[in-house]
2 protein chains.
Amino acid sequence: MYKINDNYLKLPGSYLFSTIAKKVNAFTATNPDKKIIRLGIGDVTQPLSPSIIKRLHEAVDEMAARETFKGYAPDLGYEFLRSAIAKNDYEARGAKIGIDEIFISDGAKSDSGNIGDIFAKDNKIAVCDPVYPVYVDTNAMAGRTGDYDSANSRWTNVIYMPCLEENGFAPQLPEQVPDIIYLCFPNNPTGATITKDELQKWVDYALANNAVIIYDAAYEAYISEENVPHTIYECDGARKCAIEIRSFSKNAGFTGTRLGFTVVPKDIVCDGVMLNSLWARRHGTKFNGAPYIIQAAGAACYTPEGKQEIRELVGYYMQNAKTILEGLKEAGFTVSGGVNAPYIWLKTDGMTSWEFFDYLLNEANVVGTPGSGFGPAGEGYFRLTAFGTHENTVEAIDRIKKLRA
Amino acid sequence: MYKINDNYLKLPGSYLFSTIAKKVNAFTATNPDKKIIRLGIGDVTQPLSPSIIKRLHEAVDEMAARETFKGYAPDLGYEFLRSAIAKNDYEARGAKIGIDEIFISDGAKSDSGNIGDIFAKDNKIAVCDPVYPVYVDTNAMAGRTGDYDSANSRWTNVIYMPCLEENGFAPQLPEQVPDIIYLCFPNNPTGATITKDELQKWVDYALANNAVIIYDAAYEAYISEENVPHTIYECDGARKCAIEIRSFSKNAGFTGTRLGFTVVPKDIVCDGVMLNSLWARRHGTKFNGAPYIIQAAGAACYTPEGKQEIRELVGYYMQNAKTILEGLKEAGFTVSGGVNAPYIWLKTDGMTSWEFFDYLLNEANVVGTPGSGFGPAGEGYFRLTAFGTHENTVEAIDRIKKLRA
C-alpha cells in the first residue's frame, strides 16, 4: 500500500499568495463595481522591453525553420546566455564565476525550492524572520523543519533570525549554529539591504562553521546605494560556501516569461564531493532546460540596448517605491525599504497583519501582503510592492492617505 | 556542519544521455570530417508548425503591450490550455477529467522526476526493465531504491519487471506487490504498446493492492492501431489509482520549447488525503508556471489547423520509423517497435549494447542509444529513434545496411 509524504500535512494552510488570491476573488465576486489595486504579490505590470520583444520574435522565427530549429538545450543552459551572465553579473563586479558554475533555470522560485534536494534531510536550516515562504515550506516538505507549532507560528527545528526595527531588519549571526543559512538581499519582504562588510561576516561565519549559504539575489537590480554588494561573490571566501540564486523576473519583467539561474561554485566541497556536481546531476535528471526562445530573450537583457531598457524599467518601479515610501510617511506610517528594493515594509499600528489586509482591501480596495505571512516576526507589518503602474500606485497611496485623514 | 544528500553518490555514472553526448563530442573532436547522424536521444528535428509559430508571435506581441502583458500564471496553468486538454485529450476519448485535475508544467521529464516528492520515502517502486532512466534515478536520489548493485546493474530495493522478446516487451504483473508502479505506453525505449484490456488488468491490480500507477503517455500521438489506449483513464477505476503524465515534446516538437502536463484525479485518496491537493501544493510552492507564450502555443496545438499540422508532423516521423523498421529487417536485424511509437528496438546480435554503440558510431557514424542504458534487461538491445530528417534517416539506414552487406 502506497504512502504519501506526510510532511506535506504539517504545512499550515495554503501557500500565502494562494490565500491572498482567494480572498481577493471573494471580495471581487461580492463587489464587482470596486476597482481593486494590487500591490500585494510581487508581480510586475510593465511590458517586456523592445530589445527583448525583438529577440523573442527572432527566436520564434528560428524555431520555424529546420536549419535554425532548436531541440533540447544543453544541460546547464545555452552557453551564449551563461557567458553573458558570467561577464556582466560577475566579472564586471570583480567576481570570478565560470560558465560551468552557472545553471540556467525556469526561475528563482523553482531553484530556491529545488536546491534542498542535494542536501541531507538532517541539516538544520536558519532563515530570516520574516522570510520568503518558499525557503521554509520546501524544507518542511522535505521533512527538515520538525513540526509546526501553531501557538507561536514556528517550526520546532528551524533557527529563526528575527529581522526587526531595532536591528534595521538585518539578521544577527545565530547563537545556535545552522547547517544551511538562507539569506536574501535586497530583502523580500522587508526591502532591507546589507553592506559588503556585513555580508563578509556571514561568509566568514559560514566558513568557520562549515555551513552553506543559499543567497537569494533576485532583487539585485534594485540596488541604488554604494557599498551594497550585488553578489555574494564580492566577499572573500564566498566561492567556498555560497550558492547564489538569481532571477530575470524583477529586473527584466520575466514573472510570466520564466527565467533564472543558480550559481554553484566548484570550490564548495563537502567530504570530497563538489556541490556543483550534485546540482549538475539534479539539473540534468529532473529538469530539461528553459525554452530556447526564453534563453535567447534572457541574453538580450545583456546587450547595450537591453541593459539601458532594464535600467529604465527598474527606474520606473523605483519611482513607485518613492511614491509609496513618501506617501506613507506623510500619512504617518512607520515605513522602511523601498530604496534598494521594490518592497516597502510598514507597521500596521495596532492591527494584526491580516486585520490590516482586510481593512485595506475593504476600505481602500488595495491589496498588499500581510507581514505575518512571511513569519511570526512579520506580525504587525505589511508589505507593499512597487510593481504597479504609476497611475495605480499614486491612486492607491491617495486612497490610503484618505483613510488616515 | 552541513551534509549532502548522499543518495546522489549511489547513482552509477552520469545520466545516460550526458554520457552519450560526451562520447559523441570526443568522436567529433578526433574526426571533424565525419558526418554524424543522430538517432540516439529522442530529440526532434522538424520546425514548429505554422499555427504554433503564429500563436507564439501573437503571444510575444501581447507581452509587448501593457494592456495584454502577462505576469505570473495561475497556479495550475492557464484555463484556456487546461480546457483544451480536458476536451481534446480526455472528453474526446470518453474520459472525464476536470480542469482542476490538470497541472501545466515545463515538461514530462520534470513532472516524472518531481512527482515522487508527494510520496513517502518508504514506498517500493516497480519499473519496467528496460525503462526511461529518470524514473529510477529520481527515486534513487530520494533514497527510495536501496543500493546499486553493479554486479547485476540493479538497485536492491526496486521491483524490476523485465520486458523481453518472449513477452512481447510488455511487463507481467509483479509477484511482489509494489506501492508505486511506473508504466509508459507507447513505451520508451522499446516502442511496445499495450491493449486496453491489458492496461485494465494493471488498473485492477493497482486498485486491489492499493498501489498507485504513474502512467507516462508522452508518446500517445504515435498510436496508429486500434484498441491501444490513448489515456489510462479509458480504463475503469483509473481515476482512483492513476496519475498520467503528458508532453508536447514528441507530438508538437516542443523538446526545446518545453511544455507538458500531469493529471492527478481527485478520486485518488490516501488516508483521507487527495493526491491532487498534495500535487497542487507542490506545484504552487516549488514551481511558478510555464511561460505564458509557451502555454499560448500549447493551446494552438488544439485548434483545427494545429491538430492537422501535428498529425502531419507525427506522420513525417512515422515515415522514418517505417524506413528504419523495414531497412533493419532487410539487413537481417531482429527489430520491434516503430508502429505505435517513434522508437525502434533492435537486437545487437552478440555485441553488448555499448559495444554496438561504439561500433555504429565508429563504423557508420550513426548515434543510437544502448539498450543497457535503460536497465539490465536492455542489454543486447539498441534503440534508434524516428526523430531525424527523412534524408538523414535514409542515409543512416543505408550505412547500417552496408555494414552488414
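## Strands, a long-range pairing and a two-fold pair

Q: In this predicted model, which residue of S10(A) does Ile104(A) stand opposite?
A: Strand S2 (residues 102-105) of chain A pairs with S10(A) in the antiparallel sense, over four bridges. Within that pairing, the residue of S10(A) opposite Ile104(A) is Phe261(A).

Q: What is the bridge partner of Arg246(A) in S10(A)?
A: S10(A) is also joined to S9(A), by four bridges, and these two strands run antiparallel. The partner of Arg246(A) in S10(A) is Phe261(A).

Q: Which residues of strand S10 (residues 260-263) of chain A point the other way from Gly260(A) and Thr262(A)?
A: In a regular strand the side chains alternate between the two faces of the sheet. Gly260(A) and Thr262(A) share one direction, and all the residues named for this strand are buried. Those pointing the other way are Phe261(A) and Val263(A).

Q: Is strand S8 (residues 212-216) of chain A largely enclosed or left open by the rest of the structure?
A: Val212(A), Ile214(A) and Asp216(A) point one way from S8(A), Ile213(A) and Tyr215(A) point the other way, and all are buried. Because five of the five residues of S8(A) are buried, the strand is, with respect to the rest of the structure, largely enclosed.

Q: What is the handedness of the β-α-β crossover from S7(A) to S8(A)?
A: Strand S7 (residues 180-184) of chain A pairs with S8(A) in the parallel sense over five bridges, and Cys184(A) has Asp216(A) as its bridge partner in S8(A). Between these strands the chain passes through helix H6 (residues 196-209) of chain A, and the crossover is right-handed.

Q: Which residue in S9(A) does Tyr215(A) stand opposite?
A: S8(A) runs parallel to strand S9 (residues 242-247) of chain A, and four bridges join them. Across this pairing, Tyr215(A) faces Glu244(A).

Q: Which strands stand at the edges of the open sheet S13-S14-S17-S16 of chain A?
A: This open sheet has four strands with antiparallel pairing. An edge strand has a single partner strand, so one side of it is left without a neighbour in the sheet; here the edges are strand S13 (335-337) and strand S16 (369-370) of chain A.

Q: What is the bridge partner of Lys347(A) in S17(A)?
A: Strand S14 (residues 343-347) and strand S17 (residues 381-385) of chain A run antiparallel and are joined by five bridges. In S17(A), Lys347(A) is partnered by Tyr381(A).

Q: What span should helix H9 (residues 304-330) of chain A have?
A: The helix has 27 residues, and the rise to use is 1.5 Å a residue. Its end C-alpha atoms are 39 Å apart, which agrees with the expected span of 39 Å.

Q: Which residue just after H9(A) takes a positive phi?
A: Following this helix, the backbone phi reaches about 95 degrees. The residue is Gly332(A).

Q: What kind of axis relates the two copies?
A: A turn of 180 degrees with a shift of 0.0 Å along the axis lays chain B on chain A with an RMSD of 0.0 Å. The copies are therefore related as by a two-fold rotation axis.

Q: Which residue of chain B has the C-alpha nearest the axis?
A: The C-alpha in question lies 3.1 Å from the axis. It belongs to His57(B).

Q: How many residues of chain A are in contact with chain B?
A: On the chain B side, 71 residues take part, with 36 nonpolar, 20 polar and 15 charged residues. The copies meet through the same surface, because 99% of the interface residues of chain B are also interface residues in chain A. The number of chain A residues in contact is 70.

Technical notes. Residues are numbered from 1 along each chain as its sequence is written. Chains are lettered from A and ligands numbered from 1 in the order in which they are written. This is a predicted model: local features need pLDDT of at least 70, side-chain atom pairs count only at pLDDT 80 or more; totals for chains, interfaces and linings use all residues. Two residues are in contact if their C-beta atoms, placed from the backbone, lie within 7 Å. Ala, Val, Leu, Ile, Met, Phe, Trp, Tyr, Cys and Pro count as nonpolar, Asp, Glu, Lys and Arg as charged, and the others, Gly among them, as polar. The expected span of a helix is 1.5 Å times one less than its number of residues. A residue is buried if 20 or more other C-beta atoms lie within 10 Å of its own, exposed if 12 or fewer, and partly exposed in between; C-beta atoms are placed from the backbone. Two strands pair if DSSP finds at least two bridges between them. A crossover is right-handed if, with the strands pointing away from the viewer, the path from the first strand over the helix to the second runs clockwise. Copies are superposed by least squares on the C-alpha atoms of residues with pLDDT of at least 70 in both.
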